[in-house]
Amino acid sequence: MPSWGLGEDKSLREIRTVTDGLKKLYREKLLPLEKQYSFSDFHSPGLEDADFDNKPMVLLVGQYSTGKTTFIRYLLEQDFPGGRVGPEPTTDTFTAIMYGDVEGVIPGNALIVDPNKPFRKLNPFGNKFLNRFQCVQLPNQVLQSISLIDTPGILSSAKKRLSRGYDFQAVLQSFAEHVDRIILLCDANKLDVSDEFSRTIGALRGNEDKLRVVLNKADLVDTQQLLRVYGALMWSLGKVFRTPEVLRVYIGSFWSSPLRVPDYRRMFEKEEESLFKDIQDLPRNAALRKLNDLVKRARLVRAHVYIISYLKQEMPLMFGKETKKRDLIYDLPDIFARIQQRHQISPGDFPDCAKMQERLMSHDFTKFKVLKPKLMTALDDFLTTDIARLMPLLHKEEIEVASQPGVQGGVFLGPHRGPFNNGNPFVQLQENIIEGDIADWIVAKDKAKYDEIFYNLSPNNGKLNGTKVKNWMISTQLPTSVLGRIWKLSDVDRDGMLDEDEFALASYLIEVKLEGHGLPPVLPAHLVPPSKRKRKSGKDEEPELVAPVESEQPTAVDDDDDDDHNDDDDDEQ
């Protein structure tokens, strides 16, 4: 049995990342147990390097026409091959959307033989599933940090008799065990907790820490209806998950159509900001998630080994083997209880008893292995010592990635490109605007109107302080977070006050925002007031660009909030 301890100086120097340490621990201490006691026959297949090295993955789950595909398009600000939307069940495949230098589609049978993709474990689901599985590769910046998985819509009760030809819940469970985040979308306009929906949520049980629930298309109902739908959803989820804890539910309309209920604007922005911040942080938390999932797997392996070795020990040597097998399967709940008490194992570490009984029916108990103390000692060391010795390295990595921006591109950078740009004044082709010519400034055409408001607010020495401007800006009814970004973009010289040009710029940005466009993370050169532009001092002089908003990473709500709706993709309503 190979020995490896992270406490040894030499071994510790060899391990440079948490991921490397987890791979080494798994191969040397966990994988031998899984092979010895046929773990993959009862639970998930063994892990490969691609499972550790893969980017964070987000699984989109929900009934048909709840907006899963539109949600992905909203994140990417880009269409993808096969991404049809509509009120009927349009997505009939599992689609992994991953980064690639060239746009293309990889079919399922080719995908599962690629050792660099974390999908080889899906092979046992057979051709019926693999014909409904594909990988879309796109050169999209969002996909450089995360991968997305679109799923077929869960059928309603009216369609539940339709057969998919493969075990839909088992496939979802396999994905759920290996992804970093699960987003369960529900339609506020037609909440229907069908039998398949309940079974599907049941397949996600055990991964509640990864689950985020989104009540989508919320602006299709009025306030009173929204309260009732929210309450009904919470009640239904509580019944399915059988837990007193309340799941976090995000409310919004994640598409690019104008809001139908403007009063929801502030709430939707806050909900969107929270959800997108959670997604944006996934790369920072990837190492911790892998460690957590491996520890969870190790605890299940420990329980599995004790179960298998107990069944082997109870089998007779000669006669009555089939009868004893049936008795042991029938008594499995009691066996679980005995093992829990004897080895001091938490009930939460054990597999589902009914599923275990079903899988045991097809196995020959006489071929099971007896308990090997050395392997169990190695597993105990893994859980109590080796993982603990990885924690300083994990802490070091967390400090290193804390300053990184997380997921970038798409909705996380604002509407700089993609299908949501049409008519957006921040996406104009820009020249090197250096001279202070007022004719070059797009704000100038309405400056007389803005100047009248400016002087009515009684400026002091040609400038308005923050209090006066704030009171006027609040009267526009835009959310405070949006007005705060407009202030920072408009206060070009960073003196905490606005002169008449900066005030005109702020007024223009407010009008543009009210028309449904997004705000840029930095002020484009063509919007910088002429009085603030750097003059030419030589042919190589570059224009002075405004600094990014103060040490603040642009969030989805800041850059592309619910007002940024000028895409015609509303056919999913």
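Welcome to this structure, which holds 31 salt bridges. What you see is a predicted model. The tour below starts with a few of those bridges, then moves to a buried helix, some backbone angles, the cysteines and the surface.

## Salt bridges

One of the bridges brings together the side chains of D386 and K29, with 2.4 Å from N to O. D386 sits in helix α16 (residues 373-402) and K29 in helix α2 (residues 18-36), so this pair ties together parts that are 357 residues apart in sequence. Are these two partners buried or exposed? Both D386 and K29 are buried.

Another bridge is formed by R120 and E48, whose side chains meet at 2.9 Å, N to O. Here distant parts of the chain are linked: R120 belongs to the loop between α6 (108-111) and α7 (126-130), E48 belongs to the loop between α3 (39-42) and α4 (49-53), and the two are 72 residues apart. R120 is partly exposed, with a relative accessible area of 33%, and E48 is also partly exposed, at 30% relative accessibility.

A further bridge joins K532 to D493, at 3.1 Å from N to O. K532 is in the loop between α20 (500-514) and α21 (556-560), while D493 is in the loop between α19 (480-490) and β10 (497-498), so the pair ties together parts that are 39 residues apart in sequence. K532 counts as buried, at 18%, whereas D493 is partly exposed, at 33%. This pair also belongs to something wider: salt bridges with shared partners connect K463, D493, D495, D499, E502 and K532 in one network.

Here are these three pairs side by side.

| Pair | N to O distance |
|---|---|
| D386 and K29 | 2.4 Å |
| R120 and E48 | 2.9 Å |
| K532 and D493 | 3.1 Å |

## A helix inside the structure

Now have a look at helix α5, residues 68-76. Why can it be called largely enclosed by the rest of the structure? Nine of its nine residues are buried, so the helix is largely enclosed by what surrounds it in the structure. The buried residues of α5 include hydrophobic names such as F71, I72, L75 and L76, but K68 and R73 are buried there too.

## Positive phi angles

Right after α5 comes E77, whose phi is positive, near 55°. As background, most residues other than glycine have a negative phi. Which other places are worth a look?

K217 is not a glycine, yet its phi is positive, about 55°. You can find K217 in the loop between β7 (211-216) and α10. With a relative accessibility of 1%, K217 counts as buried.

N461 also has a positive phi of about 55° without being a glycine. N461 is placed in the loop between α17 (447-456) and β9 (464-465). Unlike the buried K217, N461 is exposed, with a relative accessible area of 75%.

## Cysteines

How many disulfides does a search of the whole structure find? The search finds zero. For background, a disulfide is a covalent bond between the sulfur atoms of two cysteines. Among the cysteines, C186 is buried, with a relative accessible area of 1%, and C353 counts as buried at 18%.

## Helix α12 and the loop after it

Helix α12 spans residues 286-314 and contains Y306. Y306 is buried, at 12% relative accessibility. In sequence, Y306 and I339 are 33 residues apart, while in space their C-alpha atoms are 7.1 Å apart.

The loop between α12 and α13 (321-330) holds F319. F319 is exposed, with a relative accessible area of 70%. Together with L317 and M318, F319 makes a nonpolar surface patch of about 450 Å².

## A positive patch

Which residues gather in a patch of positive charge on the surface? They are R205, R242, K355 and R359. Of these, R242 lies in the loop between α10 (223-241) and β8 (249-251). R242 counts as exposed, at 69% relative accessibility.

Notes:
Residues are numbered from 1 along each chain as its sequence is written. This is a predicted model: local features need pLDDT of at least 70, side-chain atom pairs count only at pLDDT 80 or more; totals for chains, interfaces and linings use all residues. Side-chain values use heavy atoms; hydrogens and water are left out. Patches are made of residues with over 30% relative accessible area and no salt bridge: like charges are joined within 9 Å, nonpolar side chains (Val, Leu, Ile, Met, Phe, Trp, Tyr) within 5 Å. Accessible areas come from the Shrake-Rupley method with a 1.4 Å probe; for residues, only the protein chains shown count as cover. A salt bridge is a side-chain nitrogen of Lys or Arg within 4 Å of a carboxyl oxygen of Asp or Glu. Lys and Arg count as positive and Asp and Glu as negative; His and the chain ends are not counted. The place of a charge is taken as NZ of Lys, CZ of Arg, CG of Asp or CD of Glu. Helices (H or I, at least four residues) and strands (E, at least two) are DSSP runs, numbered from the N terminus. Buried means under 20% relative accessible area, exposed over 50%, partly exposed in between (1.4 Å probe, protein chains only). A disulfide is a pair of cysteine sulfur atoms within 2.5 Å.
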